[in-house]
Protein chains: 2
Amino acid sequence: MAHVSIIGTGNMGQAIASVAGKGGHTVQLLGRDDAATAVTGDIVVLAVPYSAISQIVTARAAGLAGKTVVDITNPLDFETFDSLMVPTDSSAAAEIAAMLPDSVVLKAFNTTFAGTLAAGSVGPLTTTVLIAGDDAAAKSELAAVLASGGLKAVDAGPLRRARELEAVGFLQLTLAANEKISWTGGFGLVDQA
Amino acid sequence: MAHVSIIGTGNMGQAIASVAGKGGHTVQLLGRDDAATAVTGDIVVLAVPYSAISQIVTARAAGLAGKTVVDITNPLDFETFDSLMVPTDSSAAAEIAAMLPDSVVLKAFNTTFAGTLAAGSVGPLTTTVLIAGDDAAAKSELAAVLASGGLKAVDAGPLRRARELEAVGFLQLTLAANEKISWTGGFGLVDQA
């Protein structure tokens with residue numbers, strides 16, 4: 001069993017906690033403003049908006065050393081819904097990895113809405129979480145947690161693929177904001193015909 | 001009924017021709033090296049690899065004036081499968097639009113494999129074609145052709161969203177090349193729960 005800490009109690013944090021709990025894993029759920037409680041998990045999910053990341057990561061850098069840190073953000077400019085707030089040749093995940101050189105940073109969960117994580121399905125498909133990162137063991141450990149919680153997990157490649165995952169998340173958010181899809185829908189992944 | 005010209009007789013060109021044909025539209029299918037035959041369609045699909053675009057567009061610029069030109073490319077570096085061949089703040093579609101100032105350029109089809117276009121489905125879902133462009137009427141006309149051919153079409157926003165569509169296509173190609181998904185699978189779009 002894994003021990004998963006989740007910082008952020010919004011709909012994404014709650015949905016991820018629910019998945020880990022279904023799988024029988026130990027879950028620590030921390031408010032984003034709780035800087036006093038040490039993270040106890042080996043996997044730490046930063047389930048907060050991109051705008052809150054820098055402060056949390058700076059304050060908790062020592063406590064996150066040696067752990068797997070999961071970035072779920074979509075660094076969208078929510079005023080315009082028309083661009084990301086990271087340079088076009090970078091990603092939120094790359095920025096977080098640069099801030100946490102002693103942690104293993106993974107990108108995951110940003111291409112699935114909270115509703116489809118909690119439900120375990122997107123339409124007729126099992127919800128698939130795409131995971132990017134440079135540490136195969138860390139990706140496998142997170143994938144095992146998700147599989148035990150009833151989801152599919154797919155290795156999307158190295159951490160630099162976070163740029164493409166963030167583009168998927170961005171596109172999906174614009175589709176929902178423009179009512180082309182519902183917040184309980186979105187992209188599903190079909191692995192076979 | 002629309003009149004659709006398709007330049008390129010590979011698996012994507014054939015699949016798009018099949019969809020348009022199913023919808024009862026007139027289809028002109030031209031080989032990519034055929035520079036002599038004039039395009040007769042109001043919608044012209046450039047169903048060729050990105051590396052072949054520049055030569056075709058340059059040779060046919062006058063004939064494409066006043067028409068809707070559909071870019072379906074994924075400008076992937078196929079040697080490395082690790083980056084796109086367009087600047088990170090641009091897209092193949094933006095480059096083509098710059099080369100064709102007298103045409104209406106749309107981005108479409110690059111997020112669906114040929115197999116799912118031809119089949120009309122990706123797993124249990126109807127295949128969805130995402131269309132980006134700055135001309136609402138042109139997008140609607142293409143969407144109507146696709147709907148009559150049995151597919152779903154979703155307006156993905158302005159032509160600058162092609163950057164995100166190309167990221168989706170890039171990611172999907174890497175997933176298939178790494179055998180995480182099959183070439184008859186890929187991303188499907190669920191609009192409702």
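A salt bridge here is a side-chain nitrogen of Lys or Arg within 4 Å of a carboxyl oxygen of Asp or Glu. The legends below describe close-up views of a predicted model.

**View 1. A salt bridge within chain B joins D191(B) and K152(B).**
The nitrogen-to-oxygen distance between the two side chains is 3.6 Å, which means that the pair falls inside the 4 Å limit. D191(B) lies in the segment after β10 (186-190) of chain B, whereas K152(B) belongs to strand β9 (residues 152-157) of chain B. The two residues are 39 residues apart, and the pair links distant parts of the chain. D191(B) is partly exposed, at 31% relative accessibility. K152(B) is also partly exposed, at 35%. Over all chains, a search of the whole structure finds 14 salt bridges.

**View 2. D82(B) and R160(A) form a salt bridge between chains.**
The side chains of D82(B) and R160(A) meet at 2.8 Å, N to O. On the chain B side, D82(B) sits in the loop between β4 (68-71) and α3 (92-99). On the chain A side, R160(A) sits in the loop between β9 (152-157) and α6 (162-177). D82(B) counts as partly exposed because its relative accessibility is 23%, and the buried class ends at 20%. R160(A) is partly exposed as well, with a relative accessible area of 47%; the exposed class starts over 50%. The rule finds 4 salt bridges across the interface of chain A and chain B.

**View 3. E164(A) and R161(A) form a salt bridge between buried residues.**
The side chains of E164(A) and R161(A) meet at 2.8 Å, N to O. E164(A) has a relative accessibility of 5% and R161(A) one of 4%, so both count as buried under the 20% limit.

**View 4. The contact between chain A and chain B takes 36 residues from each chain.**
About 3000 Å² is buried between chain A and chain B, and carbon and sulfur atoms give 68% of this area. R161(A), L171(A) and V190(A) supply 17% of the area that chain A buries against chain B, more than any other three residues. The rule also finds 10 residue pairs in polar contact across the interface. On the side of chain A that touches chain B, the elements giving two or more residues are β9, α6 and β10 (186-190) of chain A. Of these, α6(A) gives the most, with 9 residues. By class, this side of chain A has 18 nonpolar, 9 polar and 9 charged residues.

**View 5. Strands β10(A) and β10(B) pair across the two chains.**
The pairing of β10(A) with β10(B) is antiparallel and runs over 5 bridges. Within it, L189(A) has F187(B) in β10(B) as its bridge partner.

**View 6. Strand β3 (residues 43-46) of chain A has buried residues pointing both ways.**
I43(A) and V45(A) point one way from the strand, while V44(A) and L46(A) point the other way. All four of these residues are buried. In a regular strand, side chains alternate between the two faces of the sheet. β3(A) pairs with strand β1 (residues 3-7) of chain A in the parallel sense over 4 bridges. β3(A) also pairs in the parallel sense with strand β4 (residues 68-71) of chain A, over 4 bridges. V45(A) takes part in both pairings: V45(A) is the bridge partner of I6(A), and V45(A) stands opposite V70(A) in β4(A).

**View 7. L146(B) is a buried residue of helix α5 (residues 136-148) of chain B.**
The relative accessible area of L146(B) is 2%, so L146(B) lies under the 20% limit for burial. Leaving aside its neighbours within four places in sequence, L146(B) is in contact with V19(B), F109(B), V129(B), I131(B), L151(B) and A153(B). One of these partners, V129(B), is 17 residues apart from L146(B) along the chain. The C-alpha atoms of V129(B) and L146(B) are separated by 8.0 Å.

Key. Residues numbered from 1 in each chain as written. Chains lettered and ligands numbered in written order. Predicted model: local features only at pLDDT ≥ 70, side-chain atom pairs only at ≥ 80, totals over all residues. Heavy atoms only, no water. Buried < 20%, exposed > 50% of the residue type's maximum accessible area, 1.4 Å probe, protein only. Contact = heavy atoms within 4.5 Å. Buried area = accessible area lost by both parts, 1.4 Å probe. Polar contact = N/O pair within 3.5 Å; in protein donor to acceptor, adjacent residues only side chain to side chain. Nonpolar A, V, L, I, M, F, W, Y, C, P; charged D, E, K, R; others polar. Pairing = 2+ DSSP bridges.
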